[in-house]
Amino acid sequence: MQKILVTGATGQIGSELTLALRERYGAENVFAAGHRRPADESLTGSGPCCSVDVRDAATLTALVADHQVDTIFHLASLLSAVAEDGPQLAWDVNANGLVHVLEAARMHGCAVFFPSSIGAFGPSTPRDNTPQITIQRPNTMYGITKLTGELLCDYYHQRFALDTRGLRYPGLISHRTLPGGGTTDYAVHIFHAALKEGHYDCFLDAGTRLDMMYMPDALRAAMQLMEADSGPLRHRNSFNVTAMSIAPEDIAAEIEKHIPGFTISYAVDPVRQAIADSWPKHMDDSAARREWGWQPGYDLAAMVEDMLTKLRTRMTERHA
Ligand code: NAD
Ligand code: AKB
């Protein structure tokens, strides 16, 4: 990886992955492409930035050519809840946008990282110990675009020998940038509410167990997969990866150890609850462990402790 382009660079993952890539590969070699959401000082001040709409194939391709990009981390997307609000737009951004990225990569010989999701599974998928290869009949537009993305990346690898690689991320928990409108967003909002109000009203019901991961593990997984020797990668575009399988009350109980008196209540959003009920509770990520050495670093207790410490510091700095 010499010249890297990150699409969706101002989002929850992109705002952190861009900085991690700049630290590892040199700030001037990592191009951050945002869209609408303005890039903050940490992105604009640490390396090259631009704005690109991934639906605009010509501009995207010119960007890749002009900057001699050899690797694209393609993060631009609409998340699950937002995609249900506008399924046509979600198809355009998530599916057509990916085709534009793959075509630019094909023309200019780039490797591509594509993040799939637990959303690529559906109600007929086994929810416990979800296998690497299993039934995938997602019934959300987000899930349909994620499964399409996995297949497109497989196709471009087999047909054009493109070095495409990807992960099926679980819900990601982080403190730098708020999540962009997904079903697992509650697992970030709960920390903000805990520190501000000592109480959180959760839009998913108690007992809604889902796979989750702390952002440092998600960043490491992406970079580790892209650096891995390609020989052993049999499932290159859709590795199940997870770090913890948790329900809202589990996070609440762990937060309560640090903020005594913290309480949680439930005001269930039926749309997001139905989406969550169609996703795995716990994925089998043994293929990732076997093929490229995946190993999560944070469990629930370590994640909660670090989240509260970092978010507290961030909130204090903001009010200073
Ligand atoms: P996000 O919503 O925080 O960021 C996505 C970014 O895409 C936003 O900054 C937005 O400005 C940008 N975008 C939207 N439309 C665009 C367009 N037309 N052209 C260019 N950019 C556009 O999302 P995220 O959480 O950072 O997710 C990044 C990727 O990881 C997505 O593909 C998502 O599906 C996947 N993923 C995320 C999670 C998670 O929990 N965060 C879990 C599984 C998979
Ligand atoms: C969402 O909830 O849409 C994302 C995801 C798990 O893909 N966080």
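Of the 320 residues of the protein chain in this predicted model, 55% count as buried, that is, under 20% relative accessible area with a 1.4 Å probe, protein chains only. Residues are numbered from 1 along each chain as its sequence is written. Because the model is predicted, local features need pLDDT of at least 70 and side-chain atom pairs count only at pLDDT 80 or more, while totals for chains, interfaces and linings use all residues.

On overall dimensions, the radius of gyration is 19 Å, in agreement with the value near 20 Å for a compact globule of 320 residues; this radius is taken over C-alpha atoms, and the globule rule is 2.2 Å times the number of residues to the power 0.38. Those C-alpha atoms fill a box of roughly 55 × 50 × 40 Å along the principal axes.

The secondary structure comprises 12 helices and 14 strands, defined as DSSP runs of H or I with at least four residues, and of E with at least two, numbered from the N terminus.

Allow me to turn to strand 10. This strand covers residues 210-214, and 5 of its 5 residues are buried, so the rest of the structure largely encloses it. In a regular strand, side chains alternate between the two faces of the sheet. Here Leu210, Met212 and Tyr214 lie on one side, Asp211 and Met213 on the other, and all are buried.

Which strands pair with strand 10? Strand 8, residues 171-173, does so in the parallel sense over 3 bridges, and strand 12, residues 244-246, in the antiparallel sense over 3 bridges; pairing requires at least two DSSP bridges. Met212 is the bridge partner of Gly171, and Leu210 stands opposite Ile246.

Key
Chains are lettered from A and ligands numbered from 1 in the order in which they are written. Side-chain values use heavy atoms; hydrogens and water are left out. Buried means under 20% relative accessible area, exposed over 50%, partly exposed in between (1.4 Å probe, protein chains only).
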